[in-house]
Amino acid sequence: LVITQEDINSRQDPASYNPVKAITLAFFGSTNYMAYMYTQYKDNPSSYTTFGTFSANVPVGNYTIVAVAYAYNEGDNFALTSLTNAGYSSERPRETFCATQEVTVTSSSTLNLEVALNRISSMLQIVSTDERPAEAPKIRTTFSKGGKGFNPTTGLAKTDNGFAQTNSPSTGVGGNIAVSIFPFLYTDEESMNITIEALDANDNVLITKTINDVPFKRNRKTILSGAVY
């Protein structure tokens, strides 16, 4: 497989960037005390007035704001529990943006804040140049490093143990597949081994390919293209 890297579209407003389906905002006080947390879901208008705009009431004090915007599908399980711990306990990490900001609340008067979020996930895209056979409806991708959880303060992965994700490409039999995965990296740039397995409907392995030392960078797309099957 051929390895290339590309930029990912940046500087998007959450309301107009279609992949972002949820935004979580939290205020943490001293000792990680959570004074406020709320999540807006783009597909649930009852959860917001203007997507991406929040109104919070917190006591006078010093806080660290954590804002996380992310793709969201039914069945995803995302949690933000502290200034140093967030991530996905469901199978798939999603495209994720995050920022932290210090703020001091000194009175009951309104305080208007703007927080710019940065994409903290990397991206792997697998593109086949050969056709998907009928007996291989699934692709399992295993990362030897990185993870599904991250530290909101640094934007880096909490662990470097890797993970696996199984996709069922929407491409029909005889088509070229394209699979996208969004790992969190343990360092800003990281190389790791990627194992691609073609699976049958019962998750039996039909074909295995391992590509060594695949380079990744946060906010960048790594593309593996070539014959998968």
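## Ile-3 and the strands around it

Leaving out residues up to four places away in sequence, Ile-3 touches Ile-211, Val-214, Pro-215, Thr-222, Ile-223 and Leu-224. The model is predicted. Ile-3 belongs to strand 1, residues 2-7. Along the sequence, Ile-3 and Pro-215 are 212 residues apart. In space, their C-alpha atoms are 8.4 Å apart. Is Ile-3 buried, exposed or partly exposed? Ile-3 has a relative accessible area of 33%, so it counts as partly exposed.

**The chain as a whole**

The chain has 17 strands and 0 helices. Its C-alpha trace spans about 65 × 35 × 30 Å along the principal axes. Of its 229 residues, 45% count as buried. Take the contacts with a separation of 6 or more: 69% of them come from residues 24 or more positions apart.

**Nonpolar cores**

In soluble globular proteins, nonpolar side chains tend to be buried together. Here the largest nonpolar core holds 19 residues. Leu-124, Phe-143, Ile-194, Ile-196, Phe-216 and Leu-224 have the most contacts inside it. Five elements each supply at least two of the core residues: strand 9 (123-128), strand 10 (138-143), strand 14 (178-181), strand 15 (189-199) and strand 16 (205-217). Which strand gives the most to this core? Strand 15 does, with 4 residues.

Another core lies apart from this one. That core has 16 residues, among them Val-66, Leu-83, Cys-98 and Phe-150.

Leu-224 links back to the opening residue. Setting aside neighbours within four places in sequence, Leu-224 is in contact with Leu-1, Val-2 and Ile-3, among others. The list also includes Leu-124, Gln-125, Ile-126 and Val-127. Ile-194, Ile-196, Ile-211 and Val-214 are contacts of Leu-224 as well.

**Strand pairing**

Strand 2 (residues 22-28) and strand 3 (residues 34-41) run antiparallel and are joined by 7 bridges. Ile-23 stands opposite Gln-40 of strand 3. The hairpin of strand 2 and strand 3 has 5 residues between the strands.

Elsewhere, 4 strands form an open sheet with antiparallel pairing, in the order 5-6-11-12. Which strands stand at the edges? Strand 5 (78-82) and strand 12 (156-157) do. Each has a single partner strand, so one side of each is left without a neighbour in the sheet. Strand 12 runs antiparallel to strand 11 (residues 149-151), and 2 bridges join them. In this pair, Asn-151 stands opposite Leu-156 of strand 12.

**Loop residues**

Most residues other than glycine have a negative phi. Thr-31, in the hairpin of strand 2 and strand 3, takes a positive phi near 55°. Asn-32 has a positive phi of about 65° although it is not a glycine. Asp-203 is not a glycine either, and its phi is positive at about 70°. The table places three loop residues, with their accessibility.

| Residue | Loop | Relative accessible area |
|---|---|---|
| Asn-32 | between strand 2 and strand 3 | 34%, partly exposed |
| Asp-203 | between strand 15 and strand 16 | 39%, partly exposed |
| Gly-75 | between strand 4 (61-70) and strand 5 | 61%, exposed |

Exposed means over 50% relative accessible area, so Gly-75 falls in that class. Gly-75 and Glu-91 are 16 residues apart in sequence. Their C-alpha atoms are 9.3 Å apart in space.

**The second largest pocket**

Rolling a probe the size of a water molecule over the atoms shows where empty space is left. The second largest pocket contains about 260 Å³ of space. Which of its 16 lining residues are closest to the centre? They are Arg-92, Arg-94, Gln-165, Asn-167 and Ser-180. Strand 13 (163-167) and strand 14 are the elements that give two or more residues to the lining. Strand 14 provides the largest share, 4 residues. Strand 14 also supplies at least two residues of the largest nonpolar core. By class, the pocket lining divides into 7 nonpolar, 6 polar and 3 charged residues.

Conventions:
Residues numbered from 1 in each chain as written. Predicted model: local features only at pLDDT ≥ 70, side-chain atom pairs only at ≥ 80, totals over all residues. Heavy atoms only, no water. Core = buried A, V, L, I, M, F, W, Y, C linked by side-chain atoms within 4.5 Å. Buried < 20%, exposed > 50% of the residue type's maximum accessible area, 1.4 Å probe, protein only. Contact = heavy atoms within 4.5 Å. Pairing = 2+ DSSP bridges. 1 Å grid on protein atoms, 1.4 Å probe; cavity = no way out; pocket = protein on both sides within 12 Å on 5 of 7 lines; lining within 4 Å. Points joined across faces, edges and corners; volume = space filled by probe spheres on them. Nonpolar A, V, L, I, M, F, W, Y, C, P; charged D, E, K, R; others polar.
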